[in-house]
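User: Please take a close look at one part of this structure, namely how its charged side chains are paired, and then place that part in the context of the chain around it. A connected account would be preferred to a list.

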Amino acid sequence: MTAPRRIYIIAGEPSGDRLGGALMTALAGHGPVAFRGIGGQEMTAAGLAPRFDMAELTVMGLTEVLPRLAHLMRRIRETAGDVADWRPDALVTIDSPSTSAPRWRAAIVSSTVDIPTRSAPRRRSISISAGVS
């Protein structure tokens, strides 16, 4: 029996949760897969083992971010450590292009030396942007 593919998936808002749930359902149809990461109800229903609910991260604007900055940064560090410990086959971040996806990837890659870069044959990191006009 083949070991399941390990996919770490992060969504930071409701539209990302919907996209993530659909992606997870599609991937699960192609063989054994284990999901871990951050998402909401739809991703959890599709099989996500969540670190915490994405509602903790859903903040907009400076007035919402500043009071919660220390908590947000702690969650990013915790998640980066979890990625390193779990060693997924792929890391997927789903977010709108102007928000946190680039920061997630930078934090995870910079703090986890043992997560291979793009040149590694088995590891992939992709980002899916929610439709923003």
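Analyst: Arg-75 and Glu-78 form a salt bridge in which the closest N and O atoms are 2.8 Å apart; the term denotes a side-chain nitrogen of Lys or Arg within 4 Å of a carboxyl oxygen of Asp or Glu. The model is a predicted one, in which local features require a pLDDT of at least 70 and side-chain atom pairs a pLDDT of 80 or more, whereas totals for chains, interfaces and linings use all residues. Residues are numbered from 1 along each chain as its sequence is written, and side-chain values use heavy atoms, with hydrogens and water left out.

Because Arg-75 and Glu-78 are three residues apart in helix α3, about one helical turn separates them. Helices here are DSSP runs of H or I with at least four residues, strands are runs of E with at least two, and both are numbered from the N terminus. Arg-75 is buried at a relative accessible area of 16%, while Glu-78, at 28%, is partly exposed. On this scale buried means under 20% relative accessible area, exposed means over 50%, and partly exposed lies in between, for a 1.4 Å probe and protein chains only.

Arg-75 also has a salt bridge to Glu-56, with 2.8 Å between the closest N and O atoms. Since Arg-75 belongs to helix α3 and Glu-56 to the loop between β3 and α3, this pair ties together parts that are 19 residues apart in sequence. Glu-56 is partly exposed, at 23% relative accessible area. Together with Arg-74, the residues Glu-56, Arg-75 and Glu-78 are linked in a network of salt bridges.

Five salt bridges are found in a search of the whole structure. One of these joins the side chains of Asp-82 and Arg-51 at 3.6 Å, N to O. Asp-82 is in helix α3 and Arg-51 in strand β3 (residues 48–53), so parts that are 31 residues apart in sequence are tied together by this pair. Its acidic member, Asp-82, is buried with a relative accessible area of 6%, whereas Arg-51 is partly exposed at 33%.

Asp-17, in helix α1, presents another situation: this residue is buried yet has no salt bridge, and the nearest side chain of opposite charge, that of Arg-18, is 6.8 Å away. For that comparison Lys and Arg count as positive and Asp and Glu as negative, with His and the chain ends not counted. Leaving aside neighbours within four places in sequence, the contacts of Asp-17 include Gly-39, Gly-40, Gln-41 and Met-54; a contact means heavy atoms within 4.5 Å.

Helix α1 (residues 14–28) also holds Met-24, which is buried at 0% relative accessible area. Beyond its neighbours within four places, Met-24 is in contact with residues including Ile-9, Phe-35 and Leu-48. Phe-35, in strand β2 (residues 33–39), is likewise buried, at 6%. Among the contacts of Phe-35 outside the four-place window are Met-24, Leu-48 and Trp-86. The C-alpha atoms of Phe-35 and Leu-48 are 5.0 Å apart, with their positions 13 residues apart in sequence; for Met-24 and Leu-48 the C-alpha separation is 8.3 Å at a sequence distance of 24 residues.

After helix α3, in the loop between α3 (62–86) and β4 (90–95), comes Arg-87. Arg-87 is not a glycine, yet its phi is positive at about 50 degrees. Its relative accessible area of 32% makes Arg-87 partly exposed.

For the chain as a whole, four helices and five strands are present, and from the N terminus their order is β-α-β-α-β-α-β-α-β. Buried residues account for 38% of the 133 residues.

A note on confidence completes the picture. The average pLDDT, the predictor's confidence in each residue from 0 to 100, is 76 for the chain, and 70% of the residues score at least 70. Confidence is highest in helix α2 (residues 41–45), at a mean of 95, and lowest in strand β5 (residues 124–129), at 47. The pLDDT is below 50 over residues 112–133, a stretch that has 41 contacts in the model beyond near neighbours in sequence. Where pLDDT is low, predicted coordinates should not be read in detail.
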